[in-house]
Amino acid sequence: MYTIFANGGGILMQTETQQTPLVKKAATYKKRKTKYAEKLGKYMFIIPGMTFLLVFLIFPIGYNIMISFKDLTAMNLLGEQKFVGLQNYITILKDKLFFLSLKNSVVFTGVCLIFQFIIGLLLALFFNQKFPGRNILRSLILMAWMIPLVITGTLFKWMFAGEYGIINHFLLWVGIIDQPVQWVSNASTSLYSTIIANIWIGIPFNMVILLAALQSLPEELYEAAKVDGAGRIRRFFSITLPLLKPTMFILIMLGIIYTFKVFDIILIMTGGGPVHSSTVLPFYAYERAFTDFNFSLGATVTTIMLILLILVSSVYLWMVRKEEQE
Amino acid sequence: MKKNLIRSKYMATIIAVFSTILFLFPVYWMFVTSIKPMSAIFAIPPQVIPQDVNFDAYVKNFIDNPEILTYFGNSFIIAGGTLVLTLILAAPVAYALARLQIRGKGIVMITLLIAQMLPSIMLALPFFILFSKMHLLNSFLSLIIANTTSSLPFAILVLRPFFMSIPTGLEEAAALDGCNKFKTFYKIILPLVKPGLLTVGSFSFLFAWGDLLFSLILTSDKAIRPLTVHLYTFVGQHGTDWSSLMAVATISIIPIILIFIAFQKHIVGGMTSGSVK
């Protein structure tokens with residue numbers, strides 16, 4: 001018998017049929033035991049993943065915050081480091097370069113966001129129509145988003161090259177400029193060349209999210225508006241835009257968070273230069289830690305970034321929650 | 001009237017094709033540069049359609065220099081390892097968050113949402129220090145761990161709705177048939193969320209394949225180096241050898257294109273579900 005009912009359920013069935021008190025006691029014990037086992041079993045699902053996140057996500061972030069109050073450099077990496085209180089924060093907040101990077105980050109994020117969003121929205125509106133080949137073309141556009149940033153960065157560096165770059169050729173041909181611009185190696189244009197590359201990367205993402213939102217809008221509303229004689233433009237401003245608002249807010253919030261952390265493109269295209277003209281905050285942190293090898297200063301910058309991130313993401317979370325309640 | 005409608009439909013296709021070509025011009029330019037002879041690359045005006053084609057750049061960088069195949073293999077090990085580890089860790093957590101009564105669910109969800117947004121540098125810096133203390137620098141394991149850390153929160157958040165959409169009562173039915181929780185999970189629930197697993201699998205592979213920062217900081221050994229770091233150092237060393245650079249770039253995106261073609265539907269789904277909600 002037992003070999004057939006080798007699992008828990010089988011054993012339980014066996015005990016339930018017996019009626020002697022001792023066995024009954026054993027049965028309730030077993031039941032309680034399975035209850036505990038069940039409870040433990042439930043948590044067994046999350047324990048491995050959560051342990052991983054605790055060890056490799058929460059702990060490193062905490063460690064990062066801790067070393068921002070120490071003087072950890074490449075020199076004393078394996079030795080003793082002493083606490084220096086807020087000294088690193090004072091050093092960073094006195095550094096003009098920190099504020100330049102912050103400014104660059106704000107410009108980078110702002111300009112990218114505006115153009116990604118507008119071009120993404122236009123494409124989404126266009127692709128919301130039904131026409132042959134729509135899905136294939138949409139997927140092709142999406143592919144741009146999947147290309148590793150190192151490759152996109154290298155590619156745009158080549159297109160922005162001074163003498164032989166295709167962008168200069170095009171602009172010369174159209175007549176916008178009358179001599180080649182050294183896009184990447186000129187302090188007044190370097191940040192903008194990285195911005196253009198990043199806009200290109202962000203367009204598909206904005207398009208797909210907005211397209212999904214557009215496709216979920218109720219068609220009856222448009223039918224009704226048509227009957228009432230509302231034109232295309234009127235329908236866009238009176239129906240589409242208000243209904244799209246929650247998605248737009250979330251998309252902009254996510255856009256801020258994702259664009260603020262862009263690093264690879266800057267590293268590849270300009271290396272933050274020339275003369276720090278394209279240094280954004282993550283790059284500034286990277287330089288403190290891995291060019292100067294002052295890990296504590298790097299950690300201080302990333303901790304400041306974490307505070308900014310938490311501020312922005314609380315707004316985001318608040319909006320998501322609000323939308324879910326509606 | 002009907003004719004008009006058809007015409008406008010094809011008009012839309014034509015406009016869409018035109019804007020897609022315009023948008024993807026950089027990718028075309030990458031490929032075209034890689035198959036042009038040196039003289040044509042620096043031609044003025046540039047040859048938008050190449051006049052003569054040669055594959056010197058590919059021969060130079062792949063056949064004459066088989067070292068690159070190691071980097072290719074390394075990228076596969078790192079991305080594949082990340083994929084496996086992410087799926088193993090994410091699926092049970094996502095299931096528990098979707099279907100089981102767990103304490104502190106809300107806090108876990110918010111932590112995951114915020115974790116998904118962390119800049120890589122914020123993790124790379126403590127990883128460098130901790131891994132160097134643990135003598136884990138220059139190992140595949142360190143890169144797989146680092147990449148899994150950044151893809152795991154996303155993976156859990158994307159998988160959770162898939163588990164939520166499974167009809168309730170399935171677990172009870174399985175329990176009556178004598179399956180325990182784990183058996184039910186592996187034998188019955190997991191096969192039902194296969195589309196979700198494909199989504200998460202492709203994303204975690206692609207994220208890890210494209211990673212530069214972790215590999216740059218956590219490795220210096222050529223034996224571990226992935227393709228992205230190779231390309232980065234290549235830009236530094238051969239700054240203007242554009243045809244070689246573009247050849248390496250073209251080859252490195254081929255796996256991505258293949259994955260994209262195979263799992264396109266799942267990738268689009270993952271983008272919309274994971275990022276907005």
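Among contacts in chain A between residues at least 6 apart in sequence, 68% join residues at least 24 apart, and I should say straight away that this comes from a predicted model. The secondary structure of chain A consists of 13 helices and 0 strands, so written here simply as a run of α elements from one end of the sequence to the other. Of the 326 residues in that chain, 37% count as buried.

Let me turn to the nonpolar core. The largest one holds 154 residues, and those touching the most other members are Ala90(B), Val93(B), Ala94(B), Ile156(B) and Leu159(B). Helix H5 of chain B, residues 67–99, supplies the largest share of this core, with 15 residues. If we take Ala94(B) and leave aside residues up to four places away in sequence, its contacts are Ile156(B), Leu159(B), Arg160(B) and Phe163(B). As general background, nonpolar side chains in soluble globular proteins tend to be buried together.

Now to the domains of chain B. The assignment gives domain 1 as 2–54 and domain 2 as 67–276, and the C-alpha centres of these two domains of chain B lie 33 Å apart. Their contact involves 7 residues from domain 1 of chain B and 6 residues from domain 2 of chain B. On the domain 1 side of that contact, the elements giving two or more residues are helix H2 (25–34) and helix H3 (38–41) of chain B, and H2(B) gives the most, with 4 residues. In character, the residues on this domain 1 side divide into 4 nonpolar, 2 polar and 1 charged.

Definitions and conventions: Residues are numbered from 1 along each chain as its sequence is written. Chains are lettered from A and ligands numbered from 1 in the order in which they are written. This is a predicted model: local features need pLDDT of at least 70, side-chain atom pairs count only at pLDDT 80 or more; totals for chains, interfaces and linings use all residues. A nonpolar core is a set of buried Ala, Val, Leu, Ile, Met, Phe, Trp, Tyr and Cys residues joined through C-beta atoms within 7 Å. A residue is buried if 20 or more other C-beta atoms lie within 10 Å of its own, exposed if 12 or fewer, and partly exposed in between; C-beta atoms are placed from the backbone. Two residues are in contact if their C-beta atoms, placed from the backbone, lie within 7 Å. Domain bounds come from an automatic or database domain assignment. Ala, Val, Leu, Ile, Met, Phe, Trp, Tyr, Cys and Pro count as nonpolar, Asp, Glu, Lys and Arg as charged, and the others, Gly among them, as polar.
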